[in-house]
Amino acid sequence: MSPGAHIQRRDQSLLTAAPAFELNRAFTLVELLVVLIVVVILTGVILVEMGGTYEDALLRSSGRKLVNLCNLAASQSISVGLPHRLLIDEVNHKASIRATVPEQGKENEARPVIVEESELDLRISIQVRESESHIAPGDEQPVEEPPEETSHRGEIQFFSDGTAEAREIVLRDRTGVEILLRVNPITGRVRIVEPQSDEQP
């Protein structure tokens, strides 16, 4: 047999083996379906986790915004020497810092001044209440309060001596998770209280 014939036969055997080699490398329909199902399951799990993370971030950012407003009201009341009020509109999700400034040259006359205004996220519910940690035993308020006793709701007063009204701001997201902002009446500063888990150790 000539060397040329041997090379030609080898090339023909490679050509006939190539299609079988290519078929062995391809994915079957079952394998593609399995991969697709795994991708769909992982995507669902990731989206659920991301949804919780987004709600948590939204809740915390709203809390930080209110903490900054409280700190601003406290510092302004000390620097100006006048009480400042943080008004929180729980329905329209707006917050504003206001002060009553006496008119110059006019005795017994004052005008309200808006120091700062801010929009709050509509997806976070807000409630302002009297701080439970500063209610004496036996002085607990009834569940249904008369209308005249709820005038402090939505309002926190910061005084020029650095003190403030004892109030709590409850923030709740759409999943029911809450964080609590507690105003210290002695220092006028706000502390974020993390939600406690119901699970027993």
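How many helices and strands are there in the protein chain? I looked this up before anything else. The protein chain has 2 helices and 8 strands. I note that the model is predicted.

**Entry: overall layout**

I read the elements along the sequence and got the pattern α-α-β-β-β-β-β-β-β-β. The protein chain has 201 residues, and 25% of them count as buried. I then checked the exposed area, which comes to about 14,100 Å². Carbon and sulfur atoms supply 57% of that area. For contacts between residues at least 6 apart in sequence, I find that 57% join residues at least 24 apart.

**Entry: the core**

Which residues have the most contacts inside the largest nonpolar core? I list L66, L86, I88, F158, I169 and L171, in a core of 25 residues. I next asked which elements give two or more residues to this core. They are α2, β1 (84-89), β2 (94-102), β4 (125-130), β5 (155-158), β6 (167-172) and β7 (178-183). Helix α2 gives the most, with 8 residues.

I followed L66 outwards. Leaving out residues up to four places away in sequence, L66 touches I88, A95, L120, I169, L171 and L181. Of these partners, I88 and I169 had already come up, being among the core residues with the most contacts.

**Entry: helix α2 away from the core**

Helix α2 covers residues 29-80, and V30 lies in it. Is V30 buried or exposed? V30 counts as exposed, because its relative accessibility is 57% and the cut-off for exposed is over 50%. V30 also belongs to a nonpolar surface patch, together with V34, V38, L42 and I46. I put the patch at about 450 Å².

N71 also sits in helix α2. I find N71 partly exposed, at 24% relative accessible area. Setting aside its neighbours within four places in sequence, N71 is in contact with R189 and V190. I also took a C-alpha to C-alpha distance from N71 to V183 and got 9.9 Å. Those two residues are 112 apart in sequence.

**Entry: an unusual backbone angle**

Where is H93 found? I located H93 in the loop between β1 and β2. H93 is not a glycine, yet its phi is positive, at about 55 degrees. H93 counts as buried because its relative accessible area is 10%, and buried means under 20%.

**Entry: salt bridges**

Side chains of opposite charge can pair when their charged atoms come close. I count 7 salt bridges. I went through some of them.

D121 pairs with R123 at 2.8 Å, N to O. R123 is partly exposed, at 33% relative accessibility.

R167 pairs with E165 at 3.8 Å, N to O. R167 is buried at 9% relative accessible area, whereas E165 is partly exposed at 23% relative accessibility.

E168 and R182 also form a salt bridge, at 2.9 Å, N to O. This pair links distant parts of the chain, with E168 in strand β6 and R182 in strand β7, 14 residues apart. Are E168 and R182 buried or partly exposed? I find E168 buried, at 0% relative accessibility. R182 is partly exposed, with a relative accessible area of 22%. The pair does not stand alone: salt bridges that share partners join R129, E168 and R182 into one network. I also logged the E168–R182 side-chain pair as a polar contact, at 2.9 Å.

Technical notes
Residues are numbered from 1 along each chain as its sequence is written. This is a predicted model: local features need pLDDT of at least 70, side-chain atom pairs count only at pLDDT 80 or more; totals for chains, interfaces and linings use all residues. Side-chain values use heavy atoms; hydrogens and water are left out. Patches are made of residues with over 30% relative accessible area and no salt bridge: like charges are joined within 9 Å, nonpolar side chains (Val, Leu, Ile, Met, Phe, Trp, Tyr) within 5 Å. Accessible areas come from the Shrake-Rupley method with a 1.4 Å probe; for residues, only the protein chains shown count as cover. A salt bridge is a side-chain nitrogen of Lys or Arg within 4 Å of a carboxyl oxygen of Asp or Glu. Helices (H or I, at least four residues) and strands (E, at least two) are DSSP runs, numbered from the N terminus. Buried means under 20% relative accessible area, exposed over 50%, partly exposed in between (1.4 Å probe, protein chains only). A nonpolar core is a set of buried Ala, Val, Leu, Ile, Met, Phe, Trp, Tyr and Cys residues joined through side-chain atoms within 4.5 Å. Contact means heavy atoms within 4.5 Å. A polar contact is a pair of N or O atoms within 3.5 Å; within protein, one must be able to donate a hydrogen and the other to accept it, and residues adjacent in sequence count only if both atoms are side-chain atoms.
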